[in-house]
Protein chains: 2
Amino acid sequence: MSRTALVATNPKVQQLRRLVRRRSSRSDAGAFVVEGPVAIGEALRSGAEVDDIFLPVDGPAALLDPLRDEAERLGIRVTAVAAGVLGGVADTVTPQPGMAVVRMAESTVDELGADAGLLVVLAGVSDPGNAGTLVRTAEAAGAVGIVALTGSVDLYSPKVVRAAAGSLLRVAVLTGATPADLDALRAGGVALVGTSADGDVVDDVDLEGPLALVLGSEAHGIGDDVRGRIDRWASIPMAGRVESLNVAVAGSVLAFEVSRRARRAAAIASGAPSAMP
Amino acid sequence: MSRTALVATNPKVQQLRRLVRRRSSRSDAGAFVVEGPVAIGEALRSGAEVDDIFLPVDGPAALLDPLRDEAERLGIRVTAVAAGVLGGVADTVTPQPGMAVVRMAESTVDELGADAGLLVVLAGVSDPGNAGTLVRTAEAAGAVGIVALTGSVDLYSPKVVRAAAGSLLRVAVLTGATPADLDALRAGGVALVGTSADGDVVDDVDLEGPLALVLGSEAHGIGDDVRGRIDRWASIPMAGRVESLNVAVAGSVLAFEVSRRARRAAAIASGAPSAMP
């Protein structure tokens, strides 16, 4: 812990501010920011490479002291910042007491394809809340990774990181992916599943084996450059006059249907008498 | 269409602004605001009682002229407002060209209970995006209505209305409900289903018959005043180290599982050979 608390004009604080606010700065640095004691603690325990931790001198000791101890045990630098400094860094009106700079740990297409499980692919999802929710859903539904094609929201932006609630540190991540990367996944045996009102009822769609659930933009769905690569189209039957589901909802319903089928298959394989409907 | 376009200081514009911005004003007036040509068109076609439509004089004629014609056929008043006026009324930075004042059409507990279908109950959901998404999911999953207990976000706030994308006008709505209302539903044969990590795996939970899916607050889950009234607890199995799902995701996964089971039961009842897993 450095002796003096950094003020807003300090170059390290300025760089932190750029990492919070600018996609290009994050991309150049290969690092992003997680906010708040809970998220920082998750980062420390996730095995992610944490470059720096900034804690306000006037922060809640009961939350920050254990964090400081944990960081010091791991040999991670903790820097004190003056009161109010993080308020000028954050993109929210109620900044959390503490930020950590975490290195991006991007996976390759080969790594993702070799894992032969479930992938969630964002093909134009632009709302950070939806993207973050889908990252969280991906982990919860047992996906091995999340892929964001260029044209999707930056998965490392603060709003996505917040909505993902730690999951971004625990699933494999590939950003800046291209349609050619989807081709590579398909060549490796991963089937691309898209949602469409014209698709087969999801109940009748094969959801076994290595799968990538592809989710399009909120406004325009899946674009033409990806559309032709979809192997199976699934439709979630809808009542009423709803034109489409929220994309995070559609993706989550599909992802958890994949995991439900896996549970069912496992129960049948084990010969267990199952009440599962 | 009135001859002169209203300016920002006009009392009707001032009242519109209050309806957009203040829950108490909406509650006093028994009315709320939908924004944009698409939403206004949906309101006109939903059978909702539309009190007033305000269209900017400089709005896109291709969108607004058909709307004006439709409103006039239905005998609904259309008022022109000066350029920029709706920008001062809206709570967003990019206001839509047009607003309509719509009367709340609240259902009673008796009406909801008698419909004997699926209900979605918000018991402390506070994020407007989550609430609106759940309204949209409720319609899509075939729910007969949505119930918001006191302490939940106002379903008629602009952000909820936007996220609900028209569904608020098409499902039965009951706001300001109390735990006693839940008792009345239960007395009428509706089973309350809550989500909890400690619950039975959802696969094993009975989701037939009149059901109310109860969704708690993002931060604290289902409160004690409602907890004791839950008839069945369902757990959505989660991989990884996710502590909880986004509430709109959890509610949607459950709601669509209810409709999946209904499809399956219908297929079995009809004797159709079914490939449904």
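# A tour of the two-chain model

Start by selecting B:Glu139, which counts as buried because it has 25 C-beta neighbours inside 10 Å; the cut-off for that label is 20 or more. Keep in mind that this is a predicted model.

B:Glu139 is found in helix H7 of chain B. Now show what surrounds this residue. Leaving aside residues up to four places away in sequence, B:Glu139 touches B:Ser167, B:Arg170 and B:Val171, and from the other chain A:Ala239, A:Gly240 and A:Val242. Add B:Leu168 to the selection: 29 residues separate it from B:Glu139 along the chain, yet their C-alpha atoms are 8.5 Å apart.

Next, bring up the sheet of chain B. Six strands, in the order E7-E6-E5-E9-E8-E10, make an open sheet with parallel pairing. Which strands are at the edges? They are E7 (172-177) and E10 (232-235) of chain B, each of which pairs on one side only. On average, neighbouring strands of this sheet are turned by 30° against each other, direction ignored.

Within that sheet, select strand E8 (residues 191-201) and strand E9 (residues 211-216) of chain B; they run parallel and are joined by 4 bridges. One place to look is B:Leu192, which stands opposite B:Ala212 in E9(B). Then return to helix H7 (residues 128-140) of chain B, which packs on the sheet and touches strand E5 (118-123), strand E6 (145-149) and E9 of chain B. The direction of this helix makes about 175° with that of E5(B).

Move to chain A and select strand E5 (residues 118-123). Is this strand enclosed or open? Of its 6 residues, 6 are buried, so E5(A) is largely enclosed by the rest of the structure. Show the side chains: A:Leu118, A:Val120 and A:Leu122 point one way from E5(A), while A:Leu119, A:Val121 and A:Ala123 point the other way.

E5(A) has parallel partners to select in turn. To strand E9 (residues 211-216) of chain A it is joined by 6 bridges, and A:Leu122 stands opposite A:Leu215 there. To strand E6 (residues 145-149) of chain A it is joined by 4 bridges, where A:Gly145 is the bridge partner of A:Leu119. Follow the chain from E5(A) through helix H7 (residues 128-140) of chain A to E6(A): this β-α-β crossover is right-handed.

Finally, display both chains together. Chain B superposes on chain A by a rotation of 180° with 0.0 Å of shift along its axis, at an RMSD of 0.0 Å. That is the relation of a two-fold axis. The same surface serves both copies, with 100% of the contact residues of chain B recurring in chain A.

Methods:
Residues numbered from 1 in each chain as written. Chains lettered and ligands numbered in written order. Predicted model: local features only at pLDDT ≥ 70, side-chain atom pairs only at ≥ 80, totals over all residues. Least-squares fit on C-alpha atoms with pLDDT ≥ 70 in both. Contact = placed C-beta atoms within 7 Å. Pairing = 2+ DSSP bridges. Helix = DSSP H or I, 4+ residues; strand = E, 2+ residues; numbered from the N terminus. Axes fitted to C-alpha atoms, helices over the stretch in contact; angles between N-to-C directions. Buried ≥ 20, exposed ≤ 12 C-beta atoms within 10 Å, placed from the backbone. Right-handed = clockwise from strand over helix to strand, strands pointing away.
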